[in-house]
Amino acid sequence: MRIDILTLFPNMFSSPLRESILGRAVEKGLLLIQTINIRDFALDKHQVVDDAPYGGGQGMVMKVEPIARAIESVKAQNPSARIIYLTPQGKPFDQDLARRLSGQSHLILLCGRYEGVDERVRELFIDEEISIGDYVLTGGELAAMVLIDAVSRFIPGVLGSDRSAEEDSFFNSLLEYPQYTRPVEFKGCRVPEVLLSGNHSAISLWRKREAIRRTSLRRPDLLAKASLTEEEKSLSEEALNSNDDCGMRMKDKNEF
Ligand code: 4FV
């Protein structure tokens, strides 16, 4: 996948895209990421990229011309590239949207700053607006990184050969089941016996039940979206009444 990032702060992307899984994906050529500084497309002597809002009000607005030139420079190379603007006014980003975007060959991500971009950028150029959450960031750059990370995991070869993003949390929109590794006992908390049993059908049943229980306790909104089989539905009732969470006995946390 090719991703062009339009930003006023290209250096923000250097290290996150050089480390670990994403860094290796770039090295392996599975991800072609280019940052483009919008200020390079402000042709006046002072390379001005923002201005005061018409109608008054606080803050500044990003000017349409530098952004238009930057977008046209990339679209000239590939007219079919899909342009995404990261904004709190966009559709909520989630695993399904990440999976869908991973089917695109070329994304252009526009990162806003200040109060955002001139409305004509949206009207003339933007294909899709996406929000990573209902809070206000200082810029769209971190949102772009979140999107790149989540989408890249669906690209074959980005996750280790045996791993596919299809097995993750939110697979079937359920939260993940509890994970354990050595030591088998810590501060009186012992790994659930079933996980030590080697009985794989019992283990997957336990994991399914735990995923449903955790989802129904923490994110009932997700459970409503999950397509559960009758057996799974009965599991959720049963799961709600059982609880072998060692920590739970220690202190009540998280379940609100
Ligand atoms: C944001 C979000 C976000 C708004 C004003 C940048 C900031 C500033 N982007 N999901 N939440 N953007 O807060 O995507 O221009």
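**View 1. Backbone contacts to the ligand.** A polar backbone atom of Y114 sits 2.9 Å from an oxygen atom of the ligand, which counts as a polar contact (a pair of N or O atoms within 3.5 Å; within protein, one must be able to donate a hydrogen and the other to accept it, and residues adjacent in sequence count only if both atoms are side-chain atoms). This is a predicted model, where local features need pLDDT of at least 70 and side-chain atom pairs count only at pLDDT 80 or more, while totals for chains, interfaces and linings use all residues. Residues are numbered from 1 along each chain as its sequence is written, and side-chain values use heavy atoms, with hydrogens and water left out. T87 also joins in, with a backbone N or O atom 3.4 Å from a ligand oxygen. For G133, a backbone N or O atom lies 3.1 Å from a nitrogen atom of the ligand. On its own the ligand exposes 370 Å², and the protein buries 94% of that (Shrake-Rupley areas, 1.4 Å probe).

**View 2. The shell around the ligand.** There are 17 residues around the ligand, and Y114, I132, G133, Y135 and L137 come nearest (a residue is near if one of its heavy atoms lies within 4 Å). By type, the shell holds 9 nonpolar, 7 polar and 1 charged (Ala, Val, Leu, Ile, Met, Phe, Trp, Tyr, Cys and Pro count as nonpolar, Asp, Glu, Lys and Arg as charged, and the others, Gly among them, as polar). Strand β5 gives the largest share, 3 residues (strands are DSSP runs of E, at least two residues; helices are runs of H or I, at least four; both are numbered from the N terminus).

**View 3. N37 and its neighbours.** Look for N37 in strand β2, residues 32-37. Its side chain reaches the backbone nitrogen of R39 at 2.8 Å. Leaving aside residues up to four places away in sequence, N37 touches T7, L8 and P10 (contact means heavy atoms within 4.5 Å).

**View 4. Two backbone oddities.** The peptide bond from R182 to P183 is cis, with omega near 10°. P183 belongs to the loop between α5 (141-152) and β8 (185-186). Over in helix α1, residues 20-27, you'll find S20. Phi of S20 is near 45°, a positive value in a residue other than glycine.
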